[in-house]
Amino acid sequence: KESIDFVRAFTRTEHAGCSPCMQQQSRNALVIDAGASWNADDSVQWLKARHDWHIRAYEPLPENCNKILGIFGSFGGRAQPSFSALADKVGTATFFARAATVGSLQEEGVPVQYTNATQIPVPLTTLDAEFANCGGKQCEELLLFKLDLQGAEVVALRGAKQLMRAGRITWIFSEFDPYMLS
């Protein structure tokens, strides 16, 4: 719910007197949804709120990925799933799944009532690996980087150092629990 409220507030603020530069900047914007989950609710809300926004949603759990593919189908090419976890390195890691659709790269992100979390190997990538090298083309700007990674937010931010240093991420929106941050 907080993310949906943020989307509404963000789009209202943008049109209610923000500079023309900001309005221009958000056209055809790319939004990164890190931790899209099984229903990709944040991504769907952004796609509905702004018809010129594009989404790249990162989700490592196979069951969630299949559901996201079905959800994104109705948005044409504006929504692209990436079946990997955002981290500070490229490779594979253990994902601690506390249920079929929820988990974290951080074991501490799994509440104690789920002591028997399933450990699943998942592919890792970084935002820097995905977007830092433009191959001679104009670099894509990332309007919004949303993180909901159950304690692995700092790990994903470390993987976006180059983009942040270059000023290519305009907004960062993170859901977090201070006790779960790594």
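**Close-ups of a β-α-β unit and its surroundings**

**View 1. Strand S2, helix H4 and strand S3 form a right-handed β-α-β unit.** We're looking at a predicted model here. Helix H4 takes in residues 62–72 and lies across both S2 and S3. Its direction comes out at about 170° to that of S3. The two strands of the unit pair with each other in the parallel sense, and four bridges hold that pairing. If you want a spot to zoom in on, try Ile-55, which stands opposite Ala-79 in S3.

**View 2. Here's the open sheet, five strands with parallel pairing.** Reading across, the order goes S3-S2-S1-S8-S9. Strand S3 (79–82) sits at one edge and strand S9 (169–174) at the other, so to speak: each of these edge strands pairs on one side only. From one strand to the next, the twist averages 15°.

**View 3. Now for the pairing of S1 with S2, which run parallel.** S1 covers residues 30–34 and S2 covers residues 54–58, with five bridges joining them. Pick out Val-31 and look over to S2: its bridge partner there is Ile-55. That's the residue from View 1 again, the one opposite Ala-79 in S3.

**View 4. Leu-47 of helix H3 gets a close-up of its own.** The helix spans residues 41–49. Is Leu-47 buried or exposed? Leu-47 counts as buried because its relative accessibility is 0%, and the cut-off for buried is under 20%. Who's around it? Skipping neighbours within four places in sequence, Leu-47 is in contact with Trp-53, Ile-55, Phe-72, Phe-75, Arg-78 and Ala-79. Two of those names should ring a bell: Ile-55 and Ala-79 are the pair that stand opposite each other, with Ala-79 in S3. Phe-72 is worth a look too, as Leu-47 and Phe-72 lie 25 residues apart in sequence, yet their C-alpha atoms are 9.6 Å apart in space.

**View 5. Zooming back out, the protein has seven helices and nine strands.** Of its 182 residues, 46% count as buried. Take the contacts between residues at least 6 apart in sequence, and 72% of them join residues at least 24 apart. The accessible surface comes to about 9400 Å², and carbon and sulfur atoms account for 52% of that.

Key. Residues numbered from 1 in each chain as written. Predicted model: local features only at pLDDT ≥ 70, side-chain atom pairs only at ≥ 80, totals over all residues. Heavy atoms only, no water. Pairing = 2+ DSSP bridges. Axes fitted to C-alpha atoms, helices over the stretch in contact; angles between N-to-C directions. Contact = heavy atoms within 4.5 Å. Buried < 20%, exposed > 50% of the residue type's maximum accessible area, 1.4 Å probe, protein only. Areas by Shrake-Rupley, 256 points an atom, 1.4 Å probe, with all protein chains shown as cover. Right-handed = clockwise from strand over helix to strand, strands pointing away.
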